[in-house]
Structures are given as structure tokens and as C-alpha cells.
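Me: Please take a close look at a single part of this structure and give one connected account of it. A formal treatment suited to a computational chemist would be appreciated.

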Amino acid sequence: MLTINVAVLLAVIIVVRLRRRTEARSRNDEQVTVLIVLVFGVLVAPTAFGQGVADVVGQFATGLTEAGR
């Protein structure tokens with residue numbers, strides 16, 4: 001039996017949707033893309049990969065705030 005990881009499937013859908021030209025997108029199309037990206041973020045966040053991304057972004061934000069002082 002073949003199993004499909006929902007997060008991987010959403011990542012593929014996001015890439016396909018974002019490859020389209022900006023002029024060809026309607027307002028509803030953009031809203032659906034944002035919703036898909038949010039669901040993808042919720043699915044990836046509790047994983048080890050998601051935690052690693054959160055750590056990197058946190059360190060980057062800390063570096064930016066300290067550089068501004």
C-alpha cells in the first residue's frame with residue numbers, strides 16, 4: 001500500500017501553484033494559496049524539520065535585533 005505524506009503533497013501543490021504567472025491569478029486563487037500554505041505550516045511545525053526552521057528563523061531574528069542596538 002502506498003502512503004502519501006500530506007505535508008509533502010501540500011508542498012508539491014504549493015510549488016505548482018506558485019510557478020504560475022502572477023497576472024493569471026485571481027483574488028480567490030491567491031486566498032486559496034495562502035490557506036494551503038498556512039495548513040502546510042501547521043502540519044510541518046511539530047516535526048523535527050519544522051523545529052529546525054523555527055530555530056534558524058529565531059536565531060536570525062535575534063541577530064537582527066542585536067545588530068540594531
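Reply:

**The salt bridge and its surroundings**

Arg17 and Asp29 form a salt bridge in which the closest N and O atoms are 2.1 Å apart. The two residues join distant parts of the chain, as Arg17 belongs to helix α1 and Asp29 to helix α2, with their positions 12 residues apart in the sequence. The model is a predicted one, and a search of the whole structure finds 1 salt bridge.

Both partners can be classed by their accessibility. Arg17 has a relative accessibility of 19% and therefore counts as buried, the limit being under 20%. Asp29 is also buried, because its relative accessible area is 12%.

On the α2 side, Asp29 sits in the helix that covers residues 27–44. When residues up to four places away in sequence are set aside, Asp29 touches Arg17 and Arg20. The contacts of Asp29 thus include the salt-bridge partner, Arg17.

On the α1 side, the helix runs over residues 6–18. At 1.5 Å a residue, its 13 residues should span 18 Å, and the end C-alpha atoms are 18 Å apart, which agrees with that expectation. The N-terminal end of α1 is capped by Asn5, which places a side-chain oxygen 3.1 Å from the backbone nitrogen of Ala7.

Ala7 is itself buried, as are Leu10, Ile14 and Arg17 in α1. Seen down the axis of α1, the buried residues fall within an arc of 85°, so they line one face of the helix. What covers these buried residues includes α2. Arg17 is accordingly one of the buried residues of α1, and its salt-bridge partner, Asp29, lies in α2.

The setting of this pair is the whole chain. The secondary structure comprises 3 helices and 0 strands, and along the sequence the pattern reads α-α-α. The radius of gyration is 16 Å, well over the 11 Å that the globule rule gives for 69 residues, so the protein is more spread out than a compact globule. Taken along the principal axes, the C-alpha atoms fill a box of roughly 45 × 40 × 15 Å. Of the 69 residues, buried ones make up 14%; among them are Arg17 and Asp29.

Note on methods
Residues are numbered from 1 along each chain as its sequence is written. This is a predicted model: local features need pLDDT of at least 70, side-chain atom pairs count only at pLDDT 80 or more; totals for chains, interfaces and linings use all residues. Side-chain values use heavy atoms; hydrogens and water are left out. Helices (H or I, at least four residues) and strands (E, at least two) are DSSP runs, numbered from the N terminus. Buried means under 20% relative accessible area, exposed over 50%, partly exposed in between (1.4 Å probe, protein chains only). Contact means heavy atoms within 4.5 Å. The expected span of a helix is 1.5 Å times one less than its number of residues. The arc is that of the directions from the helix axis to the C-beta atoms. A polar contact is a pair of N or O atoms within 3.5 Å; within protein, one must be able to donate a hydrogen and the other to accept it, and residues adjacent in sequence count only if both atoms are side-chain atoms. A salt bridge is a side-chain nitrogen of Lys or Arg within 4 Å of a carboxyl oxygen of Asp or Glu. The radius of gyration is taken over C-alpha atoms; the globule rule is 2.2 Å times the number of residues to the power 0.38.
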